[in-house]
Amino acid sequence: MISFQHISKTFNRGKVNEVQALNDINLEINQGEFVVLIGSNGSGKTTLLNTISGAVLPSQGSIHLLDQEVTKLSEHKRSRWVARVFQDPLGGTAPELSILDNFRLAALRTQSKKLRIGINDSFKKTVRDKIALLGMGLEDKIQQAMGTLSGGQRQALTLLMSTMDHTDILLLDEPTAALDPNSAEVVMQTAEKIIQEHQLTTVFITHDLQEALKYGDRLIQMHRGKVLRDFDAKMKGALTFEDLFAWFKN
Amino acid sequence: MIFYLSALLLGLCLSAMGLGIFITMKIFKIPDITTDGSYTLGAAVTAIGLIQGWSLGLILLFSIGAGAMAGILTGLVHTRLKIDALLAGILVMTGLYSVNLTILGRSNIPLNNVNNIFEALSIFGNPIYNELWVGILFLGILSALLAYLLRTDFGIAMRATGNSESMTRAMGINNDRMKIIGLAIANALTAISGFLMAQYQNFTDINMGIGIVLVGLGSVLIGDALINWLGIQHLWLRLLFIMLGCILFQMALAVALAQGVNPNMLKLITSIFVLAIVGIPRLIKREAL
């Protein structure tokens, strides 16, 4: 599903602030896998995620999504396969537009945006029914501007938006980092439900070790631009919080 | 009375430009000052077309096309070469001065005894009422078309682009392409103002566009202040309020002139007026803190 071959990324090459964010990464992520990506700051997690979405193009190596080479493909073109939720709740939604407008764009993520009015009564009903599943009472506020909602509500809606159109890959970049524990729980449960329901291949970055243990069926730890540990579901299941905590100690 | 009706008509003529600046400034958050050039460009194309005896519809199409091309040029310079939007606008605007002069052939073309859109209606005895209704109908249709465009799926994508670029990229939208299209539409609208003004004042002058972007900016700020104050969400209503801003701006200038202000001081007054619109709310906010 996602395949990295000898991926390296160097920022500011040849300058004093040169950083090698990724160092010869070789990685295969299979269809339907829910990968949790952990690692200290600067280990290359976000850069790795960004090479999947196309926000960062690698310096070397090649990337395949669904057996197609996408190494040089721009971000908006890769959106045919990839949906993402950003760390910043503002990143995944347009704040001045209504919830309805945001969902309309999400429903056309893989299609062209034509010169016709696509928001009709049946579309409104679809959005309302979908939002009602969250149980946040937002289904009656679809005309409200996205920016008037809380961070947790926006993250939950961003997750729902990713399922408005066909998706193969879901990228979650610390989606709960800016949220209170309760909202974080709601967002992660929504994510898990969506991932299972749509059989999405998921890469989930988190600094929360409890979350890392609780969710996902594969755990990868990155360190200085390389994959340091790669645990499958069985090995991951045997891990304790103390094990993970110790990984970050040295 | 006639004096203020003329100001009203003048405001209507400039409303198309106001709508264009609303698109760049409020929707795309791009400071575009190609306006000065594309406004004169529209008027220059109109002058040549009228003298050649083309139909008004054809002249309008040519004006729109010319304005759109100016906008596309600014858009290309801004997005492809990653040059600051303000500088990209200045580059194109400056270049357009020579283009406009070439189109006109000389610095001023009078447009008497030629076709004129404002003579299209003859319902009332007083010509100013006929002219006003032409302006109202023309801009009513134009703003309704623009409101429709902004409500389509494409329009939602346009509005989102200026709002959150990370979101629109993730939604499969090519932000650069969208900005180029936005600048094309905005400058086409500005050229329509040039088209109307040339016929309203019966001449096209190479210098008629100097500082016009400031007039548009001030007008949009007035309209936007009203929109925020009244909490208007409806798209067409918002566009109508932007047009109201353009009219109020011209009214204010007309009042200044009626008070005996020297017309040579008009640009300075415009500047001070826009400064007041931008500055006073900030001063009030500072006191509130």
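In what order do the four strands of the open sheet in chain A stand, and is their pairing parallel or antiparallel? The order is β2-β1-β4-β5 (chain A), and the pairing is antiparallel. Here helices (H or I, at least four residues) and strands (E, at least two) are DSSP runs numbered from the N terminus, and two strands pair if DSSP finds at least two bridges between them.

This is a predicted model, in which local features need pLDDT of at least 70 and side-chain atom pairs count only at pLDDT 80 or more, while totals for chains, interfaces and linings use all residues. Residues are numbered from 1 along each chain as its sequence is written, and chains are lettered from A and ligands numbered from 1 in the order in which they are written.

**Sheets of chain A**

In the four-stranded sheet, the edges are taken by β2 (19–29) and β5 (68–69) of chain A, each of which has a single partner strand, so one side of each lacks a neighbour in the sheet. Strand β5(A) pairs with β4 (residues 60–65) of chain A in the antiparallel sense over two bridges, with A:Gln68 as the bridge partner of A:Leu65.

An open sheet of six strands, with mixed pairing, has the order β6-β7-β8-β3-β9-β10 (chain A). Its edge strands are β6 (82–85) and β10 (226–232) of chain A, and each has a single partner strand, so one side of each is left without a neighbour in the sheet. From one strand to the next the twist averages 20°, where axes are lines fitted to C-alpha atoms (for helices over the stretch in contact) and angles run from 0 to 180 degrees between N-to-C directions. Three of the pairings in this sheet are set out below.

| Strand pair | Sense | Bridges | Residue pair |
|---|---|---|---|
| β6(A) and β7(A) | parallel | four bridges | A:Val85 and A:Leu172 |
| β7(A) and β8(A) | parallel | five bridges | A:Leu170 and A:Thr202 |
| β3(A) and β8(A) | parallel | four bridges | A:Leu37 and A:Ile205 |

Strand β7 (residues 169–173) of chain A has five of its five residues buried (20 or more other C-beta atoms within 10 Å of the residue's own, against 12 or fewer for exposed and partly exposed in between, with C-beta atoms placed from the backbone), so β7(A) is largely enclosed by the rest of the structure. From β7(A), A:Ile169, A:Leu171 and A:Asp173 point one way, whereas A:Leu170 and A:Leu172 point the other way.

**Contact between the chains**

The contact takes 27 residues from chain A and 18 residues from chain B, two residues being in contact if their C-beta atoms, placed from the backbone, lie within 7 Å. On the side of chain B that touches chain A, α6 (153–161) and α7 (165–170) of chain B each supply at least two residues, and the largest share, six residues, comes from α6(B).

The axes of helix α3 (residues 99–107) of chain A and α6(B) come within 10 Å and cross at roughly 110°. The helices α3(A) and α6(B) are therefore roughly perpendicular to each other (65 to 115 degrees; under 35 counts as roughly parallel, over 145 as roughly antiparallel and the rest as oblique). In this crossing, A:Asp101, A:Arg104 and A:Leu105 of α3(A) meet B:Asp153, B:Ile156, B:Ala157 and B:Ala160 of α6(B).

**Chain B as a whole**

Chain B has eleven helices and two strands, and 48% of its 289 residues count as buried. Along its principal axes, the C-alpha trace of chain B spans about 55 × 45 × 35 Å.
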